[in-house]
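Q: I would like a close look at a single part of this protein, set against the rest of the chain. Please treat the matter in one connected account.

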Amino acid sequence: FGVDTRLNTEATAEAVLAENPDVVVIATGAEPKLPEIEGLEAARTSGFALTMDEVMNRHAPAKVGAKVVVWGAGEGAELAVDLKRRGHEVRLLDQNPSFVPANYIGSRIWAIMGLMAVTGVTAEHGFVLTGLEAGKATFAKATGESETVEADTVVICQGRRPLDALVRRLQAEKLTLHVVGDARKTRSYGNAIHEAAYLARQI
């Protein structure tokens, strides 16, 4: 259809505006949330603290140690099960008082809960990560106590936020801007598909 496709090209505001467009559709997705935690920067640099995206990267997955803490059951339970099945020692900790799956998991939750029971992965609730240092993660517990957990890897699964820097940069420009999918609001992939299909019909 004569569509100009450019792969491996960063979509900067300058690159978009250079095309002199009338309409711009942005579907840049979302990125992991990283709370402000003491020692996080050093732990990220050393590879001790990872995001779920880094562990699940299909092209170059990050190295995960033998003893793993997954923080965030709502998003990370499925990953915890996968790591346990691959032979890792896994502890699944969550700050909420009960298990609340991420909205994008949808009906998979029943399969995940079944696999949790089969593999022996149990979510421990009321754990808020407060500090990271080499080989150790410190949590404040709902009981008022603190607990320091030794691990080889900590995987932070605290939800996602829109990757919307390009949206904010282009909002002031004189063009029609459409934002779809997680770049607009983190939801299920079904929302994104319906939204994009509706927009395509309009265009």
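How many residues line the largest pocket, and which of them lie nearest its centre?

A: The model is a predicted one, and the pocket is described here before its surroundings. The lining of the largest pocket consists of 17 residues. Those nearest the centre of the pocket are Asp4, Arg6, Ala11, Val16 and Glu19. The space inside this pocket comes to about 630 Å³. Two elements, helix 1 (13-18) and strand 1 (23-26), each give at least two residues to the lining. Strand 1 provides the largest share of that lining, namely three residues.

Two asparagines in this part of the sequence deserve attention for their backbone geometry. Asn8 sits in the segment before helix 1, and Asn20 belongs to the loop between helix 1 and strand 1. Most residues other than glycine have a negative phi. Asn8, however, has a positive phi of about 55 degrees, and the phi of Asn20 is likewise positive, near 50 degrees. Asn8 has a relative accessible area of 86% and is therefore classed as exposed. Asn20, with a relative accessible area of 65%, is also exposed.

The wider setting is a protein chain of 203 residues, of which 36% count as buried. Its secondary structure amounts to seven helices and 12 strands. The C-alpha trace spans about 55 × 35 × 35 Å along its principal axes. Among contacts in the chain with a separation of 6 or more, 63% are between residues 24 or more positions apart.

The interior can be described next. In soluble globular proteins, nonpolar side chains tend to be buried together. In this chain the largest nonpolar core has 23 residues, and Val70, Leu83, Leu92, Met116 and Val155 have the most contacts inside it. At least two residues of this core come from each of helix 3 (52-55), strand 4 (67-71), helix 4 (73-85), strand 5 (89-94) and helix 5 (108-119). Helix 4 supplies the largest share of the core, six residues. Met116 illustrates how the sequence is brought together: with neighbours within four places in sequence left aside, Met116 is in contact with Ala77, Val81, Leu92, Phe99, Val121 and Ala123. There is also a second, separate core of 17 residues, including Ile37, Phe127, Val149 and Ile156.

A polar pairing of side chains is found at Thr138, a residue of strand 8 (residues 136-141). The side chain of Thr138 makes a polar contact with that of Thr148 at 3.2 Å. Apart from neighbours within four places in sequence, Thr138 is in contact with Val128, Leu129, Thr130, Gly131, Glu147 and Thr148.

Charged pairs complete the picture. Side chains of opposite charge can pair when their charged atoms come close. The whole structure contains 14 salt bridges. One of them joins the side chains of Asp53 and Arg160, with an N to O distance of 2.8 Å. Because Asp53 lies in helix 3 and Arg160 in strand 11 (residues 160-162), this pair ties together parts that are 107 residues apart in sequence. Asp53 has a relative accessibility of 31% and so counts as partly exposed.

Another salt bridge links Asp164 to Arg168, whose closest N and O atoms are 3.3 Å apart. The partners fall into separate accessibility classes: Asp164 is partly exposed at 23% relative accessibility, whereas Arg168 is exposed, with a relative accessible area of 54%.

Arg184 and Glu195 also meet through their side chains in a salt bridge, at 2.8 Å from N to O. Arg184 is in the loop between strand 12 (176-179) and helix 7 (189-202), and Glu195 is in helix 7, so this pair ties together parts that are 11 residues apart in sequence. Arg184 counts as exposed at 52% relative accessibility, while Glu195 is buried, with a relative accessible area of 15%. Elsewhere, Arg91, Glu124, Lys141 and Glu147 form one network through salt bridges that share partners. Glu147 of this network is also one of the residues in contact with Thr138.

Notes: Residues numbered from 1 in each chain as written. Predicted model: local features only at pLDDT ≥ 70, side-chain atom pairs only at ≥ 80, totals over all residues. Heavy atoms only, no water. Core = buried A, V, L, I, M, F, W, Y, C linked by side-chain atoms within 4.5 Å. Buried < 20%, exposed > 50% of the residue type's maximum accessible area, 1.4 Å probe, protein only. Helix = DSSP H or I, 4+ residues; strand = E, 2+ residues; numbered from the N terminus. Contact = heavy atoms within 4.5 Å. Polar contact = N/O pair within 3.5 Å; in protein donor to acceptor, adjacent residues only side chain to side chain. Salt bridge = Lys/Arg side-chain N within 4 Å of Asp/Glu carboxyl O. 1 Å grid on protein atoms, 1.4 Å probe; cavity = no way out; pocket = protein on both sides within 12 Å on 5 of 7 lines; lining within 4 Å. Points joined across faces, edges and corners; volume = space filled by probe spheres on them.
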